[in-house]
Each structure stands twice: as structure tokens, then as C-alpha cells.
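Colleague: I would like to go through the terms used for this structure and ask what stands behind each of them. Please put it up first.

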Amino acid sequence: MKKIRLIEVKSELGAGTRGASLGVDALKIACLNKQSDYFKRFTAVEVPNLNDVLFEKNLFPYAKYIDSVLQTYKRISNTVEQTLELGMFPLVLAGDHSNAGGTIAGIKAAYPDKTLGVIWVDAHADIHSPYTTPSGNMHGMPLAVSLSEDNLERKVNDPDPETIFFWEALKKVGTDQPKIKHQHIVYIVTRSYEKPEVYLFDKHNIKNFTYPEVMAKGIEQVAEEALARLRDCDIIYVSFDVDSLDSKFSKGTGTPVEVGLNVAQAKELCYLLVSDPKVVCFEMVEINPTLDAENTMAQNAFEILEHTTEAIQDRLAKEAQSVPMA
């Protein structure tokens, strides 16, 4: 049977608020408080981070610390690719959401000939480029990197040549080609975005299951429809940002947004999504205990993580049983 491998990525280079690098350890504290053996059950590898550069002056206003983000992407990509090649399931616990670009690069490096779909459970669209970003924070850019999307039609910034050099290099981590296509992204409860991102939604008919739609249809139907929209994909990656939760439950994250999922809904959604045999990787991001009281966000996130992991294990066990003996 395939085993789960935890990949810990404590990089927070892409965030605008400091503290996401502590998210993995906050999950471990929540695990201890619950008296769970979760972190003893699985092999884990930590991807070395470059957070020390945050003490230095940022030289790239439209893609902050992009030179170090590039190195981080390469490290994440290599680790995810190796995990998949070992026949293990990568479960990524990461700092800020910029790291997801490295994860996607690693999946595509391991499966260069397979069509990859992405389910993005997040309050934010994260499809900006240095040409459109309002903040320069790279946790708003991982999907644009993966798409090789500059969105020059809605350009508002003029990045310098060095920024563009690193941006082009980011796009080529894992494989030289775009990792995903616009029509193979499905958003769930995304509710905070800017005009350049809306332009891409409309141009490419990218689906976002809004919170009212989720409430009207129910979690089960939304999960079913999200997976159905990716029926043409060979493999699927699920990315869960804790700010997909309503801000009542997500104080401990850098960019909380009102009107989102509750913990029970998030548990059910992630459980149903990862139960699909096409899902080859799950990632959880953006826990920031410095913004929290009594580690509440990490406790909620750990509850979601444990439940989701159960679904992955159940699925892998069934798949192992269904494989005929040689």
C-alpha cells in the first residue's frame, strides 16, 4: 500500500504578514494538545527555507523576495517529485500559499505527460503576476506562475528586468511548459479578488463555487461538481488555504475574510475531494499562530487535517486491495 509522506515547508517569503512559518509547529502543538499520535504515524521531510532573507531589504517591489522564492520553489518541486516517484502520497503542510507553485511544479515534473487539475479552496484567487499585483506579495501569484500567465491585458505595474528574469525562471521550475490550463482550475469559496483576476475568470470561464452556491447546493454536491469539471484531467491537486474558513474561525491567518466555510464544512469538503482516486497531492497552508489566541486556528486546521488524512488512508488501502497480485 502507498504511504503518506508529510512534506513540511516553513517558508513564509510570499506572505505580507509575518508568522506563517510557524504554522507547521502550531499544528504539532494542536496535535499534542489533542493527545494524537498523528505526527508519529507518518514519515516526514522538511524542505529547507530561506526565511532569513526577510531580515534583508526587499529588492523587488512587484514580486517580493522573488530570487529566494525561486530557490524555494526548486526545493519544494524536487521534494514533491521525489515523493511521487517513490510511490508515496505527498501531504504538504506549508507556510504561505506561494509555496503551492513549487508543489504544482513537482507534481508536473513527476507526471509530465498527465493533465493536471487544481481545486483551490481559498478566500483569494492567487492568480496575479508582477504586472498586476497590488501588493507585490507572492502568495497572490502561485496559480499565475503555474499557468505561465502574465495577464498583460490588465497590466498595472512595470516590473524591472531583473524581476522579469526571475519571474520567467519561476515558470520553468519542474518543467519548461505551463503546468496547468485555465479551464482546469476550480475555485471553492473564493471571495476576495481584484479586477485583473476577475478579467481572467471571465476570459477563461474559470469556475468559482461561491459561498452562496455552496450553501444552496451543499458540500457533497459542490465536491461532486468540482471533480466533474476536472473529468478531462488525469490527476488532481487539492490546495486548502485556512482562510477559506469564515474569519470567525480563522483569526490565525494572514488575510482572514468574512463569510466562508465553518470547520465541519471544511472537513466534509476536503474528505470528499481527496477520496477521489485522481487526487495525487493535498496541501494545507497559511496558518499563522502569531495572529491568534490559544492556537485556535491550528486546532481547527488540525481537525480538518486529521479527517482529510483518514480519507486518503482509506482510499489508498482500498486501492491496494484492488490491485491484482502478480
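Modeller: What follows concerns a predicted model, and the answers set computed values against definitions.

Colleague: What makes the eight strands one open sheet, and what is their order?

Modeller: The order is S2-S1-S3-S8-S7-S4-S5-S6, with parallel pairing. Two strands pair if there are at least two bridges between them. S4 (residues 116-121) and S7 (residues 235-241) run parallel and are joined by six bridges, so they count as a pair under the cut-off of at least two. Within this part of the sheet, Trp120 stands opposite Ser239 of S7.

Colleague: Why are S2 and S6 called edge strands?

Modeller: Strand S2 (43-47) and strand S6 (207-209) each have a single partner strand, so one side of each has no neighbour in the sheet. On average, neighbouring strands are turned by 20° against each other, direction ignored.

Colleague: Which strands does H4 lie across, and how does it run relative to S7?

Modeller: Helix H4 (residues 100-110) lies across S3 (89-94), S4, S7 and S8, at about 165° to S7. Angles run from 0 to 180 degrees between N-to-C directions, so this value puts H4 and S7 in nearly opposite directions. H10 lies across S4, S5 (185-188), S7 and S8, and runs at about 155° to S8.

Colleague: How do you know that H9 and H10 are in contact?

Modeller: Contact means heavy atoms within 4.5 Å. Ile219, Glu220, Ala223 and Leu227 of H9 meet Gln265, Glu268, Leu269, Leu272 and Leu273 of H10. By class, this contact has six nonpolar, one polar and two charged residues. The axes of H9 (residues 219-229) and H10 (residues 263-274) are 9 Å apart, at an angle of about 35°.

Colleague: What makes the crossing of H9 and H10 right-handed or left-handed?

Modeller: The crossing is right-handed, which means that the near helix is turned clockwise from the far one.

Colleague: Why is the largest space called a pocket, and what lines it?

Modeller: A pocket is an open set of points, whereas in a cavity the probe cannot get out, so the word pocket says that the space is open. The largest pocket has a volume of about 270 Å³. Its lining is made up of 20 residues, with His124, Asp126, Ser135, His139 and Gly140 nearest the centre. By class, the lining has two nonpolar, 11 polar and seven charged residues.

Colleague: What makes up the lining of the second largest pocket?

Modeller: That pocket holds about 180 Å³ of space. It is lined by 15 residues, and Lys2, Tyr111, Pro277, Val280 and Arg315 are the closest to its centre. H11 gives the largest share of the lining, three residues. The classes are nine nonpolar, one polar and five charged.

Methods. Residues numbered from 1 in each chain as written. Predicted model: local features only at pLDDT ≥ 70, side-chain atom pairs only at ≥ 80, totals over all residues. Heavy atoms only, no water. 1 Å grid on protein atoms, 1.4 Å probe; cavity = no way out; pocket = protein on both sides within 12 Å on 5 of 7 lines; lining within 4 Å. Points joined across faces, edges and corners; volume = space filled by probe spheres on them. Nonpolar A, V, L, I, M, F, W, Y, C, P; charged D, E, K, R; others polar. Helix = DSSP H or I, 4+ residues; strand = E, 2+ residues; numbered from the N terminus.
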